[in-house]
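Reader: I am new to this model and would like to learn how to read it, one feature at a time. Could you show me the chain and then take me through its parts?

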Amino acid sequence: MKQFQESMYKLIVETSTNLPADVRRAIQRAQEHEDEGTRAALSLSTISENITMAECNVSPICQDTGMPTFFVHCPVGANQIEMKKDIIEAVRLATKNSKLRPNSVDSLTGANSGDNIGPGVPVIHFEQWEKDHIDVRLILKGGGCENKNIQYSLPAELEGVGKAGRDLDGIRKCVMHAIYQAQGQGCSAGFIGVGIGGDRTTGYELAKHQLLRGVDDVNANPELAKLEDYVMANANKLGIGTMGFGGQVTLLGCKAGVMDRLPASFFVSVAYNCWAFRRQGVVLDAATGEIKDWVYEGGSNVAMAEPGQRENASEGRREFVLQAPITEEQIRELRVGDVVVINGAMHTGRDALHKYLMDHDAPIDLNGHVIYHCGPVMSKDESGEWHVRAAGPTTSIREEPYQGDILKKFGLRAVIGKGGMGPKTLAALQEHGGVYLNAIGGAAQYYAECIKKVDSVHFMEFGVPEAMWHLQVEGFAAIVTMDSHGNSLHAEVDKSSLEKLAEFKQPVFK
Ligand SMILES: O=C(O)C[C@H](O)C(=O)O
Ligand code: SF4
């Protein structure tokens, strides 16, 4: 199978950089349904632009290229040991070529292996079948949406929807709750895979398998088809919207599967995938490893809308241009809903840095500065200069235990991330005079283009995503979702969506 390794490389590049046609169509439908001129419409327009940019640049759609997960079906006699070696080499090369971010981290030491190879990574599932060809599918599912997966053990008492029993109606309540609890943090609008039954492990596996189905296919099981239709018809009523900004579209796809369970257990497992739903597959000649066909229709067949029309409709929104160092006075002027455009210096920092800064000094003066929750994909050229290949925001709520203290300790004025932060940060923003800016999750190409220069880097020992990158940006736009006057759009959307969730309490499937 001379060409198997090369085919795996092509599969990785296509999956990471070119969103398939069915996913693109689902995003286009969302754009059609969203009200013009809203924050959600603006975000969808950025997402759409980002999809096109990733395809043109052959660069990652989102900087978090996830846990590479391969599903291989092969005829009896195909050498799985060799295939595994080839997949590993293809992953290594794709990482070296900045098509994947180095994402494999030692869970005890925090050390990043640098090449996406480590114990348990990449994930490869082999299965034999009686067909003559090899079928390999790949899912690149990032950490932010992975964190929003949820598993229910029925019967349960669920916030909003109340008692969920061991029947289809109980399952319905779990699914509605799963979408609510994700809010915008998994980069909504999302796609969900639901696994009914199994044990804790196989239930989640079944849920992830559902993500391999086409967005528009119909479930062969009539009960599950009914459930999927119900969820698709009702989830958007929660009003969470794109990025949790509120809006008409919260869910882009729902697929459910069922397997047997133990008498004592009844698990409902939900795998939440962001809008950047990266999955592709190839059909291979089993003798040569050459690609014969692609499993999912390629994205290049479905052009995304050009930006323009919808932004014009959002005229009237206040826009502020800021350059660090920013003063308290400038920050106090900002209100939830304003658009802020940053020019000049910006510094990345995420989990490792926030923990570190709690009891150490910062390597530079951060007074009046902007911190960006971002773990970029980087590459170094021959002259030793760094370039940003993909740089969207990461989920900010993970920094909630630290952010308020760090803001005050170092005099930061703006925090950029996605998904919002909690009450502790909101209180610190109010007390100190700071603002939280929500960037569009997954729009990694869009933001990479705003980064004009990499000044320097600290803490490379934390690994590329966790290092502190000092950047120069131009026209970096984000929306104020938490201001210095105690307002939080995230708290508002959470509250209103919980009220709407409660409207789904009454039994539907008897
Ligand atoms: O790790 C990242 O860059 C982002 C992550 O996928 C997230 O959604 O928070
Ligand atoms: S940042 Fe958003 S789009 Fe990217 S992997 Fe995380 S959840 Fe998905």
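Reader: Which strands does helix α6 lie across, and at about what angle does α6 run to β9?

Author: In this predicted model, helix α6 lies across β4, β7, β8 and β9, and its direction makes about 35 degrees with that of β9. Helix α7 also lies across β4, β7, β8 and β9, but here the angle is taken to β7 and comes to about 140 degrees.

Reader: In what order do the strands beneath these helices stand, and which are the edge strands?

Author: The 4 strands form an open sheet with mixed pairing, and their order is β4-β9-β7-β8. At the edges are β4 and β8, each of which pairs on one side only. On average, with direction ignored, neighbouring strands of this sheet are turned by 15 degrees against each other. One of the pairings is that of β7 with β8, which is parallel and extends over 7 bridges.

Reader: How should I read the side of a helix that faces other parts of the chain, and which residues of α7 are buried?

Author: The general idea is that an α-helix has 3.6 residues a turn, so residues three or four places apart point the same way. In helix α7, residues 200-210, the buried residues are Gly203, Tyr204, Leu206, Ala207, Lys208, His209 and Gln210. These buried residues pack against β4, β7, β8 and β9.

Reader: Where two helices pack together, what should I look at, and what is the angle between α6 and α8?

Author: Begin with the angle and the distance between the axes: α6, residues 168-182, and α8, residues 222-234, pack at about 35 degrees with their axes 11 Å apart. The contact is made by Leu168, Ile171, Arg172 and Val175 on the side of α6, and by Glu223, Leu227, Tyr230 and Val231 on the side of α8. Sorted by character, the residues of this contact are 6 nonpolar, no polar and 2 charged. As for handedness, the crossing of α6 and α8 is right-handed.

Reader: How do I follow a single residue within a strand, and why does Phe191 count as buried?

Author: In general, the side chains of a regular strand alternate between the two faces of the sheet. Phe191 lies in strand β7, and it stands opposite Gly253 in β8. A residue needs 20 or more other C-beta atoms within 10 Å to be called buried, and Phe191 counts as buried because it has 25 C-beta neighbours inside 10 Å. Leaving out residues up to four places away in sequence, Phe191 touches Leu211, Leu252, Gly253, Asn273 and Phe277. Phe191 and Thr250 are 59 residues apart along the chain, while their C-alpha atoms are separated by 9.3 Å.

Reader: Where is Trp275 found, and is Trp275 buried or exposed?

Author: Trp275 is found in the loop between β9 and β10, and Trp275 is buried, with 31 other C-beta atoms within 10 Å. When its neighbours within four places in sequence are left aside, Trp275 is in contact with Ile27, Ile47, Cys187, Ala189, Gly190, Leu252 and Gly442.

Reader: The loop that holds Trp275 leads to β10, so to speak of that strand, which sheet contains β10?

Author: Strand β10 belongs to an open sheet of 5 strands, in the order β2-β1-β3-β10-β11, with mixed pairing. The edge strands are β2 and β11, each pairing on one side only. Neighbouring strands of this sheet are turned by 20 degrees against each other on average, direction ignored. Helix α1, residues 4-17, packs on this sheet and touches β3, β10 and β11, and its direction makes about 155 degrees with that of β10.

Reader: How many residues of β3 are buried, and how does β3 pair with its partners?

Author: Of the 8 residues of β3, residues 134-141, 7 are buried, so the strand is largely enclosed by the rest of the structure. Strand β1 runs antiparallel to β3 and is joined to it by 7 bridges, with Val72 having Val136 as its bridge partner in β3. Strands β3 and β10 are also antiparallel and pair over 7 bridges, and here the bridge partner of Leu138 is Gln280 in β10. By contrast, β1 and β2 pair in the parallel sense, over 7 bridges, and Pro75 stands opposite Trp129 in β2.

Conventions:
Residues numbered from 1 in each chain as written. Chains lettered and ligands numbered in written order. Predicted model: local features only at pLDDT ≥ 70, side-chain atom pairs only at ≥ 80, totals over all residues. Axes fitted to C-alpha atoms, helices over the stretch in contact; angles between N-to-C directions. Left-handed = near helix turned anticlockwise from the far one by under 90°. Contact = placed C-beta atoms within 7 Å. Nonpolar A, V, L, I, M, F, W, Y, C, P; charged D, E, K, R; others polar. Buried ≥ 20, exposed ≤ 12 C-beta atoms within 10 Å, placed from the backbone. Pairing = 2+ DSSP bridges.
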